[in-house]
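Thanks for making the time this morning. I would like to take you through the pockets first and then through one pair of helices, so please have the structure open while I talk.

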Amino acid sequence: MDIRRATTVAEVVAADHLFDHPARAEWAERFLTTAGHHLLLAYADGGPVGFVSGVETVHPDKGTEMFLYELEVAEPYRRRGIGRALVERLAVLARERGCYGMWVGVDAGNDVALAAYRSAGGKDDGACTVMAWQF
């Protein structure tokens, strides 16, 4: 397995099967060219099998932290350490970028994601409820 940062729209489109919806070239371009946005792709067997995306958030009184936006590993490749490796690589990138920490929101009952985050050193602080707005 190899993990590389996505730098081209073509790489993102080639990983289209990993996203919830088809990747749109204009959105991929915007993501890749926006400062503080990161997309790491895991490759195995000649193609992309997983990704993690992260977004740096900055606040005037806290500094910069990494928001782990999304993690996905294709079903046949799960439980092989790929999710953990992607999360660990994003954490390394966050430290290199001067982030003081990293966080993620997890859907209740998503045991696969929780296992990946825990295996990469994440801790449940028990203090988070997610509120959402749909526009």
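The largest pocket in this predicted model has a lining of 47 residues, and those nearest its centre are Phe51, Ser53, Tyr69, Glu70 and Leu71. The space inside this largest pocket comes to about 1600 Å³. If you ask which elements build the wall, then helix H2, at 25–33, strand E2, at 37–44, strand E3, at 47–59, strand E4, at 63–73, and the helices H3 and H4 each contribute at least two residues to the lining of the largest pocket. Which of the elements gives the most to that lining? It is E4, which supplies seven residues. Sorted by class, the lining of the largest pocket holds 27 nonpolar residues, together with ten polar and ten charged ones.

Let me turn to the second largest pocket, whose volume is about 740 Å³. Here 25 residues form the lining, and Val104, Val106, Lys123, Asp124 and Asp125 are the ones that lie nearest the centre. Two or more residues of this second lining come from each of H3, strand E5, at 102–103, and H4. As for its chemical make-up, the lining of the second largest pocket divides into 14 nonpolar, five polar and six charged residues.

Since H3 and H4 have now come up for the largest pocket and again for the second largest, I would like to spend the remaining time on how these two helices are placed against one another. Helix H3 covers residues 82–96 and helix H4 covers residues 111–119, and the two pack with their axes 8 Å apart, at an angle of about 50 degrees. With that angle, H3 is therefore oblique to H4, and the crossing in which H3 passes H4 is right-handed.

Which residues meet where the helices touch? On the H3 side they are Gly83, Arg84, Val87 and Glu88, and on the H4 side they are Ala116, Tyr117 and Ser119. Taken by class, the residues of this contact of H3 with H4 comprise three nonpolar, two polar and two charged.

Key
Residues are numbered from 1 along each chain as its sequence is written. This is a predicted model: local features need pLDDT of at least 70, side-chain atom pairs count only at pLDDT 80 or more; totals for chains, interfaces and linings use all residues. Side-chain values use heavy atoms; hydrogens and water are left out. Axes are lines fitted to C-alpha atoms, for helices over the stretch in contact, and angles run from 0 to 180 degrees between N-to-C directions. Helices (H or I, at least four residues) and strands (E, at least two) are DSSP runs, numbered from the N terminus. Angles under 35 degrees count as roughly parallel, over 145 as roughly antiparallel, 65 to 115 as roughly perpendicular and the rest as oblique. A crossing is left-handed if the near helix is turned anticlockwise from the far one by less than a right angle, and right-handed if clockwise. Contact means heavy atoms within 4.5 Å. Ala, Val, Leu, Ile, Met, Phe, Trp, Tyr, Cys and Pro count as nonpolar, Asp, Glu, Lys and Arg as charged, and the others, Gly among them, as polar. On a 1 Å grid over the protein atoms alone, a cavity is a set of points where a 1.4 Å probe fits but cannot get out, and a pocket is an open set with protein on both sides within 12 Å along at least five of seven lines; lining residues have an atom within 4 Å of a point. Grid points are joined across faces, edges and corners, and a volume is the space filled by probe spheres set on the points.
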